[in-house]
Amino acid sequence: MTPLTLASWLESAPDWVISLPEGLQTLLFQLYQTFIYQDRWTWFVDGLKVTFIVTIGALIMGIIIGLIIAIIRTAHDSQRAGKRNPVLGVLNAVCKVYLTVIRGTPMMVQLLIMGFVILVPKDDTGSLICGVITLGINSGAYVAEIARSGLMSISAGQMEAGRSLGLNYWQTMRYIIIPQAIKNILPALGNEMITLLKDTSLVSVIMLRDVTKQAQNIVANTYTPFVPYISLAVIYLVLVIILTKLLGIFERRLRASDRR
């Protein structure tokens with residue numbers, strides 16, 4: 001196939017394009033190369049689907065891991081002196097090691113280790129699972145601290161009230177403490193989702209075709225990085241602005257419900 005060039009594109013371009021200054025002609029040509037030629041806009045759409053799947057999957061996994069770790073650490077720290085549970089002590093130590101390792105190493109390095117040392121995916125589905133697992137494990141370390149701060153924000157009297165009603169520790173946590181804590185940490189979890197959305201750009205290192213990888217593929221075909229990468233930045237910016245607006249609406253509704 002003959003490569004598309006500015007000269008060949010101008011031969012079939014309308015008169016108003018030909019009358020434009022050379023700089024604008026080049027910009028329009030690059031926009032055409034990036035989005036219109038060979039329906040390359042669909043590459044961005046396909047990449048966004050992967051980005052959303054990784055973001056949502058990693059957030060769900062991170063919330064599950066984070067809540068488990070937060071409950072273990074909170075239960076360990078709330079033990080009375082002289083009544084320490086050795087099992088909780090071991091679990092708490094494991095959680096601390098996990099938090100130290102995950103928060104102390106870059107996500108890029110974690111993706112490289114998971115993608116090329118531990119999991120080594122063979123196809124696109126494997127790369128997708130690898131990306132979700134890696135980002136979920138990474139997110140879990142930060143969600144754990146968010147959730148622990150939420151649990152600690154609940155008054156100790158709430159636990160005592162639950163125990164006085166005949167509930168054991170775990171029932172009190174499930175029915176009284178955790179629902180209140182989740183409401184307190186929802187805004188922070190929303191911010192974690194925004195961070196995860198941006199961090200998905202790193203999964204391109206394990207050959208996962210997210211929106212960043214698709215932009216790189218377009219650059220590899222056009223040899224013009226300006227429009228594809230600027231467009232990629234705009235896409236992420238628009239997504240973050242939309243999520244930020246939705247989080248702001250959600251937070252205002254939460255505050256409104258607190259006043260009732």
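Ile242 is partly exposed in this predicted model, because its relative accessible area of 44% falls between the 20% limit for buried and the 50% limit for exposed. Ile242 sits in helix H11 and belongs to a nonpolar surface patch of about 840 Å². Here is a short tour of that patch, then of helix H10 and the largest pocket.

**The nonpolar patch**
- Alongside Ile242, the patch is made by Leu24, Leu27, Leu31, Phe226, Ile230, Val234, Val238, Leu246 and Ile249.
- Two helices, H3 (22-36) and H11 (226-259), each supply at least two of the patch residues.
- H11 gives the largest share, with seven residues.
- In an α-helix, residues three or four places apart point the same way, because there are 3.6 residues a turn.

**Helix H10**
- H10 covers residues 211-222, and its 12 residues should span 16 Å at 1.5 Å a residue.
- The C-alpha atoms at its ends are 17 Å apart, so the model agrees with that expected span.
- Buried residues in H10 are Val211, Thr212, Lys213, Gln214, Ala215, Ile218, Val219 and Thr222.
- Just after H10 comes Tyr223, which has a positive phi, near 60 degrees.

**The largest pocket**
- The largest pocket holds about 720 Å³ of space.
- Its lining counts 23 residues, and those nearest the centre are Ser78, Gln79, Met159, Arg163 and Tyr169.
- Helices H4 (41-77), H7 (124-152), H8 (156-164) and H9 (169-199) are the elements that each give two or more residues to this lining.

Terms used
Residues numbered from 1 in each chain as written. Predicted model: local features only at pLDDT ≥ 70, side-chain atom pairs only at ≥ 80, totals over all residues. Heavy atoms only, no water. Patch = residues over 30% accessible without salt bridge, like charges linked within 9 Å, V, L, I, M, F, W, Y side chains within 5 Å. Areas by Shrake-Rupley, 256 points an atom, 1.4 Å probe, with all protein chains shown as cover. Salt bridge = Lys/Arg side-chain N within 4 Å of Asp/Glu carboxyl O. Helix = DSSP H or I, 4+ residues; strand = E, 2+ residues; numbered from the N terminus. Buried < 20%, exposed > 50% of the residue type's maximum accessible area, 1.4 Å probe, protein only. Expected span 1.5 Å × (residues − 1). 1 Å grid on protein atoms, 1.4 Å probe; cavity = no way out; pocket = protein on both sides within 12 Å on 5 of 7 lines; lining within 4 Å. Points joined across faces, edges and corners; volume = space filled by probe spheres on them.
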